[in-house]
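Hello,

Here is the structure I said I would pass on. My notes follow below it.

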Amino acid sequence: MANKDDTDKAAAEGTSNASTMLGSAKASSKGGKGKENYPPANATNPAPTTTPAAATNVESNGKLALPFDVNTQVKCKWRNDEYHWVKIIERRKKAGSQGKPEDYEYYVHYQDFNRRLDEWVDCSVMDLATAKTEEAVVETGAQQQSGRTRQQKRKFDEAHGDHEHAEFDPASLREHEEFTKVKNIQTIELGKYEVDTWYFSPFPPAYKDVDKLYFCEFDLAFFKRKEQLQRHLRKMKLRHPPGDEIYRNGSLSMFEVDGKKEKIYCQNLCYLAKLFLDHKTLYYDVDLFLFYILCECDNRGCHVVGYFSKEKASEEGYNLACILTLPQFQRKGYGQFLIAFSYELSKKEQKIGTPERPLSDLGQVSYRSYWTRVLLDILQNHKGNISMRELSDMTMIKTDDVISTLQHLDLIKYQKGQHVICGAPKLIEKHLKAVGKHRLPVDPNKLIWTPYREKFE
């Protein structure tokens, strides 16, 4: 991640998520919709060992003294050498600490940026003179709020709303944030790549004190030490995901993996994916899902690039439950490829589909880009009138998604009780130019696949 703004704001390919990674919150969740299903902190996933905050330390000149308390806000230098406001989420003593005030590390959240950038830092990168207590921050915020007009407050709330966690009630959201507030794994090694993680993932308790994990890129088994991975690879015969290859075009391949038949692989995939997705997860429940694994193939084997999952039988008409392009492969068009592939499967099934909600921030951008390109391609070449339903039938995109996309592009009006497309050719061409072309189009002729329900008919 070379630049903070680029990392946080860019539409990284295909990093969208739905309300649950592995299970329908309504059908397969043991806790029901809106309930978290994390194991107790003292059971399978012990809470991180940290130092409890003491009373606030204040120097004689009124400035905060080290060590800083949890919830303190301070300016911190990031990798681009610019200072940003951070909030201290947790703190711990450094290994081999001699008990000095500066012998602490702080887990910080960069204000106004995604949690994926949270990290451990020490006081050497902080502007200590800027430190403020939580009470001082609350007081300042209240003063700023009181000075806003009603319209300004509404716009502020809309801009800062947590749409990604819209499914959570307040209590469940607090539980989710408390349980996942500190990343447990800092980096992973997968094939030839070493990757910084973004979020907490509920690995088994045996891995709670491990900063780096080593993944086998073929069966996704993970290890604490590289020597363990190397021994594993010497025994490995499989050089691709353990499923059926349903698509091959050049060096790109797609495998369908049944969560019930290959439970360990799919659970490992979800442990891996959760490191880059921030949402509720039922990592133990994979039986009801199919996983579609995108790979780059060479003479050494098939290397995982990303994946999406879908329910074997979705009552809501979802054609995708969870989607991820691994960070080292983002911005290459793979996310759009995965989305397009999910709709090609919908065409084979002859079922209109939509992704499970809510979408992540990056997922929303990726889907909006795909819908825009597909719909405008049709409108640009179609002569005569066309209805929302006809667009939906041609693309297998749900009518609601068609309408919301065209409304976003200002190409639709509501007249006499129905939506009417009213886009001038020049406006359509402008939008198409802005969204760009398919970098990795899916070739339907290369797809060899039987829908799950037809296998048993």
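**The sheet from β1 to β5**

Five strands form an open sheet in the order β4-β3-β2-β1-β5, and the pairing is antiparallel. The edges are held by β4 (119–122) and β5 (126–132); each has a single partner strand, so one side of each has no neighbour in the sheet. From one strand to the next, the twist averages 45°. Please keep in mind throughout that this is a predicted model.

At the β4 edge, strand β3 (residues 104–110) is joined to β4 by four bridges, and the two run antiparallel. One pair to look up there is E105 with its bridge partner D122 in β4.

**The chain as a whole**

For orientation, the chain has eleven helices and 18 strands. It is 457 residues long, and 51% of them count as buried. If you take the contacts between residues at least 6 apart in sequence, 64% join residues at least 24 apart.

**The sheet from β10 to β15**

A further open sheet of five strands runs β10-β11-β12-β13-β15, with antiparallel pairing. Here β10 (244–249) and β15 (322–325) are the edge strands; each pairs with a single strand, so one side of each is left without a neighbour in the sheet. Neighbouring strands are turned against each other by 20° on average, direction ignored.

As general background, strands of a sheet pair through backbone hydrogen bonds, either parallel or antiparallel.

At the β15 edge, strand β13 (residues 301–311) runs antiparallel to β15, and four bridges join the two. Among the bridge partners, F308 goes with I323 of β15, and G306 goes with T325 of β15.

Which way do the residues of β15 point? C322 and L324 point one way from the strand, while I323 and T325 point the other way. All four residues are buried. I323 and T325 are thus named twice in these notes, as bridge partners of F308 and G306 and as residues on one side of β15.

Two helices go with this sheet. Helix α6 (residues 263–274) lies across β11 (252–258), β12 (289–298), β13 and β15, and runs at about 75° to β12. Helix α7 (residues 334–349) packs on the sheet as well, where it touches β10, β11, β12, β13 and β15. The direction of α7 makes about 55° with that of β13.

**Helix α8 and its two partners**

Two packed helices are described by the angle between their axes and the distance between the axes. Both values are given for each pair below.

The first pair is helix α8 (residues 361–381) with helix α9 (residues 388–395): their axes come within 11 Å and cross at roughly 115°. That angle makes α8 roughly perpendicular to α9. The crossing is right-handed. On the α8 side the contact is made by V374, L375, I378 and L379, which meet L391, M394 and T395 in α9. By class, the residues of this contact are six nonpolar, one polar and no charged.

The other pair is α8 with helix α11 (residues 425–435), packed at an angle of about 140° with the axes 10 Å apart. This makes α8 oblique to α11. The crossing of these helices is left-handed. S369, T372, R373, L376, D377, L379 and Q380 of α8 meet I428, E429, H431, L432 and V435 of α11. The residues of this contact are five nonpolar, four polar and three charged. L379 of α8 appears in the contact with α9 and also in the contact with α11.

**A loop residue, V210**

One position outside the sheets and helices is worth a look. V210 lies in the loop between β7 (193–196) and β8 (212–215). Is V210 buried or exposed? Its relative accessible area is 11%, so V210 counts as buried, the cut-off being under 20%.

Leaving aside residues up to four places away in sequence, V210 touches N184, I185 and K224. V210 and T187 are 23 residues apart in sequence, and their C-alpha atoms are 9.6 Å apart in space.

Regards

Note on methods:
Residues numbered from 1 in each chain as written. Predicted model: local features only at pLDDT ≥ 70, side-chain atom pairs only at ≥ 80, totals over all residues. Heavy atoms only, no water. Pairing = 2+ DSSP bridges. Axes fitted to C-alpha atoms, helices over the stretch in contact; angles between N-to-C directions. Contact = heavy atoms within 4.5 Å. Parallel < 35°, antiparallel > 145°, perpendicular 65-115°, else oblique. Left-handed = near helix turned anticlockwise from the far one by under 90°. Nonpolar A, V, L, I, M, F, W, Y, C, P; charged D, E, K, R; others polar. Buried < 20%, exposed > 50% of the residue type's maximum accessible area, 1.4 Å probe, protein only.
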